[in-house]
Amino acid sequence: MSLAEVKELKSPVKKWVPAKKQLFINGKWVDAKSGKTFDVENPATGDIVAQVAEGDKADIDEAVKAARKAFESGPWKDMSASERGKIVWKIGDLILKYADELAELESLDNGKPLAVAGAADVPLSADLFHYMAGWTTKIKGDTFPISTDHFYTPGQKYLTYTQREPIGVVGQIIPWNFPLLMAAWKLGPVLAAGNTVVLKPAEQTPLSALRLAEIIQEAGVPDGVLNVITGFGETAGASLAAHDGVDKVAFTGSTEVGKMIVQAAAGNLKRVTLELGGKSPNIVYADVHDVEATAAGCASAIFFNHGQCCCAGSRLYIEKPIFNDVVKAISEVAKKMKVGPGLASPDMGPLVSQEQFEKVKGYIKSGQDDGAKCEVGGGTVGDKGYFVEPTVLTNTNDKMKVITEEIFGPVVAAEPFDNAEEVMARSNNSSYGLAAAVWTSDLKKAINTADAFRAGTVWVNTYNIFDAALPFGGYKQSGWGREMGSEILDAYTETKSVVIAK
């Protein structure tokens, strides 16, 4: 879809997208100080659909300054918890109000199927704000008994308590695979806790974050509380992570970049949370009741969102007695999948960019060069856009790159196993530990397998089930901390202990 074709869309997106997009700083839309812009393309065609301001260090400085002023002297931190909660709730309501527009924007910008954006990304984003709105009035401290026999104050009594306070100015850097939803995961808790924020969306998919900034402003969030800087990771992202005016940085993306974030944050020892990569094992035992249904679930585990999920079930371990049956069934699912532009609501859309397209093709070739067999897929679709066929590999081994490295595309490697002890050792033999799944009709086996996984999320006879109340994050090199649930609030608050002599 070209820029001209965008104007043929029915929703307000047709008018909103073509306008040059600016940075959002201190409640105002402004050009980058350098005057530079960069192009945003539709991954289904490679055509340019928008131009966005290219922020860099100078713009990050301005945004951090605005966020600091809003935190230190603005009304947000000192607003009553109830009032702040109402505003956060209203953000969720407005996301639902503009649901069709946001779904179309996500599909255009990221390439994902319109139906998926409308059924998952948008409502889950609204739900996250609604859930976090309820926590504003429940962020609390405790009281503690304290000994009266301190040697230096014998007989003295004390009132002791803790209180939870916002951490301050937060820098947040989000990825391109779920642009709106990842912005919601980050912004919901940071706003609920009373912080101010500078958000840097992925340069490949900046549009929904900019539209969300408009929505958040409409909800009544004061100026300076949210600032959005579009730009590149090497400039804007790196400047944000290293900025001494930032008290905490939160990043979702690759493990490689996550390590760079940690190094950049060392300057002022800012707090860091990281939601990083994965190479999730998906185990199928021979006792499953329905091979076809199980295969469909395993197909969803890898092909959902074009395989561009950090928790994608990309390592498929199948017990030997049913190995061929499951491989055949999942290959049939892959063959029938309709691949096409997201706005046409296919089963699977394009990869997000030329870079990702080449990366995934390179992994498939690497697997084939090492002896892997493509049961289905392995090629590309069409002569424009970044479409890769859903691909099922067999004849792999645990030393191949397609097994050890995150592909982030619609590629699954299926391997047979003999027994539970063997498959658990292989499953956990990874530098990642984000998610895992097991398919079995044996409850005891399901529980024991879930216990044995070294992963932050385990699904049993299902996959890709998320909820705003359910913490999400990884073991090992899949990250630090958790997103969502009540646990995320620990990442955006400081605990202060108060001791009062009576």
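Reader: Which residue in β16 stands opposite Leu-316?

Author: This is a predicted model. Strand β13 (residues 315–319) and strand β16 (residues 411–417) run parallel, joined by 5 bridges. Across that pairing, the residue in β16 opposite Leu-316 is Ala-414.

Reader: Which residue of β12 stands opposite Leu-316?

Author: Strand β12 (residues 281–284) is also joined to β13. The two run parallel, with 4 bridges. The residue opposite Leu-316 here is Asn-282.

Reader: What is the handedness of the crossover from β12 to β13?

Author: The chain leaves β12 and passes through helix α11 (residues 291–303). It then enters β13, completing a β-α-β crossover. The handedness is right-handed.

Reader: In what order do the 7 strands of the open sheet lie?

Author: The pairing in this sheet is mixed. β14 (373–376) and β19 (457–460) stand at the edges. Each has a single partner strand, so one side of each has no neighbour in the sheet. Neighbouring strands are turned by 25° against each other on average, direction ignored. The order is β14-β15-β16-β13-β12-β18-β19.

Reader: Which residue in β15 stands opposite Lys-373?

Author: β14 pairs with strand β15 (residues 391–394). The sense is antiparallel, over 3 bridges. Opposite Lys-373 stands Thr-394.

Reader: How many residues of β13 are buried?

Author: Arg-315, Tyr-317 and Glu-319 point one way from β13. Leu-316 and Ile-318 point the other way. Both groups are buried. The count for the strand is 5 of 5.

Reader: Which residues does Ile-318 touch, not counting those up to four places away in sequence?

Author: Ile-318 is buried in β13. Its contacts include Val-284, as well as Phe-323, Val-326 and Val-327. The rest of the list is Ala-414, Glu-415, Pro-416 and Phe-417.

Reader: Which residues have the most contacts inside the largest nonpolar core?

Author: This core has 106 residues. Its largest share, 10 residues, comes from helix α7 (residues 179–192). The residues with the most contacts inside the core are Leu-187, Leu-191, Val-284 and Ile-318.

Reader: How many residues are in the other core?

Author: This core lies apart from the largest one. Among its members are Ile-25, Ala-63, Ala-67 and Ile-261. Its size is 24 residues.

Reader: Which strands stand at the edges of the open sheet of 3 strands?

Author: The order is β5-β6-β22, with antiparallel pairing. Each edge strand has a single partner, so one side of each is left without a neighbour in the sheet. The edge strands are β5 (143–144) and β22 (493–501).

Reader: Which residue in β22 stands opposite Tyr-161?

Author: Strand β6 (residues 158–166) pairs with β22. They are antiparallel, over 9 bridges. Opposite Tyr-161 stands Val-498.

Reader: Why is there no bond between the sulfurs of Cys-311 and Cys-310?

Author: Cys-311 counts as buried because its relative accessibility is 3%. A disulfide needs cysteine sulfur atoms within 2.5 Å. The closest cysteine sulfur to that of Cys-311 is in Cys-310, too far for a bond. The separation is 5.0 Å.

Reader: How many disulfides does a search of the whole structure find?

Author: A disulfide is a covalent bond between the sulfur atoms of two cysteines. Cys-374 is in no disulfide. Its nearest cysteine sulfur, that of Cys-298, is 18 Å away. The number found in the whole structure is 0.

Notes: Residues numbered from 1 in each chain as written. Predicted model: local features only at pLDDT ≥ 70, side-chain atom pairs only at ≥ 80, totals over all residues. Heavy atoms only, no water. Pairing = 2+ DSSP bridges. Axes fitted to C-alpha atoms, helices over the stretch in contact; angles between N-to-C directions. Buried < 20%, exposed > 50% of the residue type's maximum accessible area, 1.4 Å probe, protein only. Right-handed = clockwise from strand over helix to strand, strands pointing away. Core = buried A, V, L, I, M, F, W, Y, C linked by side-chain atoms within 4.5 Å. Contact = heavy atoms within 4.5 Å.
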